[in-house]
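I opened my notebook beside the viewer today and jotted down what I looked up. Here are the entries, for anyone who likes to follow along.

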Amino acid sequence: MSTTAGRSVGPTSEFSLFFHVKPGQSEPLRAALDDLQQTPGYLPGDYGMAIKTIHEARFVLFDDDTRLAFITSFDGPWDAYMDDFFNSGPTLALFDLIFRHTEGYAGLPDLATEKAFILGAQERAAAYARNYPGTVKEILKAQRVNAAFQKVLDHPDAAAALQHPALQPLLDEAGD
């Protein structure tokens, strides 16, 4: 049986966690978050996160750095996301370096402990919407198909082949 931690739109779910930062830990926490931001997969413009079902993820310090929010959306059921997270190796180690600065964190020795810690900080969104359909896998495939189609359009021998009426819907979309 799957645990539903947040709202879903199609195959994607939102996930919002709110933590209390341990007193005196805001600066080390900011440093840990900066280290995460400098890690491959999390660098600006680097789209290779270790957990391939994540659409986006963000950490926000607020209330004078006494609170930390972790907000994300992902494809698939919550339990599968937790399994991916727990088995993500380097990502789990980086998140361990972040969460150790929050109250109630005693490490993530096993999946059950991780789920309990996460669910203890989780708040279900009052509303959740997306501006696009599809899973991360489908969106990445659409980008690859578009890039391949753009190469076809640029090929010098493409003009004759593109005259076929069956290709008109592709050409109409390519014009946008």
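**Entry 1: aromatic rings**

I began with the rings, and found that Phe19, Phe59, Phe70, Phe85, Phe95, Phe99, Tyr105 and Phe117 are joined into a cluster by ring pairs. A reminder to myself: this is a predicted model.

How many aromatic pairs did the count give? I got 16. I picked out Phe70 and Phe95 for a closer look: the ring centres are 5.7 Å apart and the planes stand at 80 degrees, so I logged the pair as edge-to-face, the cut-off being over 60. Phe70 sits in strand S4 and Phe95 in helix H3, so this pair ties together parts that are 25 residues apart in sequence.

Are these two rings buried or exposed? Phe70 is buried, with a relative accessible area of 4%, and Phe95 is buried too, with a value of 4%.

Next I checked Tyr105 and Phe117, which also make an edge-to-face pair, with 5.1 Å from centre to centre and 65 degrees between the planes. Tyr105 belongs to the loop between H3 and H4 while Phe117 is in helix H4, so the pair ties together parts 12 residues apart in sequence. I noted both Tyr105 and Phe117 as buried.

**Entry 2: helix H3**

Phe95 sent me back to its helix. Which residues of H3 (residues 90-99) are buried? I listed Thr91, Leu92, Leu94, Phe95, Ile98 and Phe99. Why do they share a side of H3? They cover an arc of only 160 degrees around the axis, which puts them on the same side. I kept the textbook rule in mind here: an α-helix has 3.6 residues a turn, so residues three or four places apart point the same way.

Then I asked what covers the buried residues of H3. My list includes strands S2 (12-20), S3 (54-62) and S4 (67-75), together with helices H1 (26-37), H2 (78-86) and H4 (111-121).

**Entry 3: the largest pocket**

Last, I turned to open space. The largest pocket holds about 770 Å³. I found 30 residues lining this pocket, with Gly41, Met49, His55, Glu56 and Ala57 lying nearest its centre. The elements that give two or more residues to the lining are H1, S3 and helix H5 (136-154).

Which element gives the largest share of that lining? It is S3, with eight residues. By type, I sorted the lining residues of the largest pocket into 18 nonpolar, six polar and six charged.

Terms used: Residues numbered from 1 in each chain as written. Predicted model: local features only at pLDDT ≥ 70, side-chain atom pairs only at ≥ 80, totals over all residues. Heavy atoms only, no water. Buried < 20%, exposed > 50% of the residue type's maximum accessible area, 1.4 Å probe, protein only. Helix = DSSP H or I, 4+ residues; strand = E, 2+ residues; numbered from the N terminus. Arc of directions from axis to C-beta. Contact = heavy atoms within 4.5 Å. Phe/Tyr/Trp six-rings, centres within 6.5 Å; stacked < 30°, edge-to-face > 60°. 1 Å grid on protein atoms, 1.4 Å probe; cavity = no way out; pocket = protein on both sides within 12 Å on 5 of 7 lines; lining within 4 Å. Points joined across faces, edges and corners; volume = space filled by probe spheres on them. Nonpolar A, V, L, I, M, F, W, Y, C, P; charged D, E, K, R; others polar.
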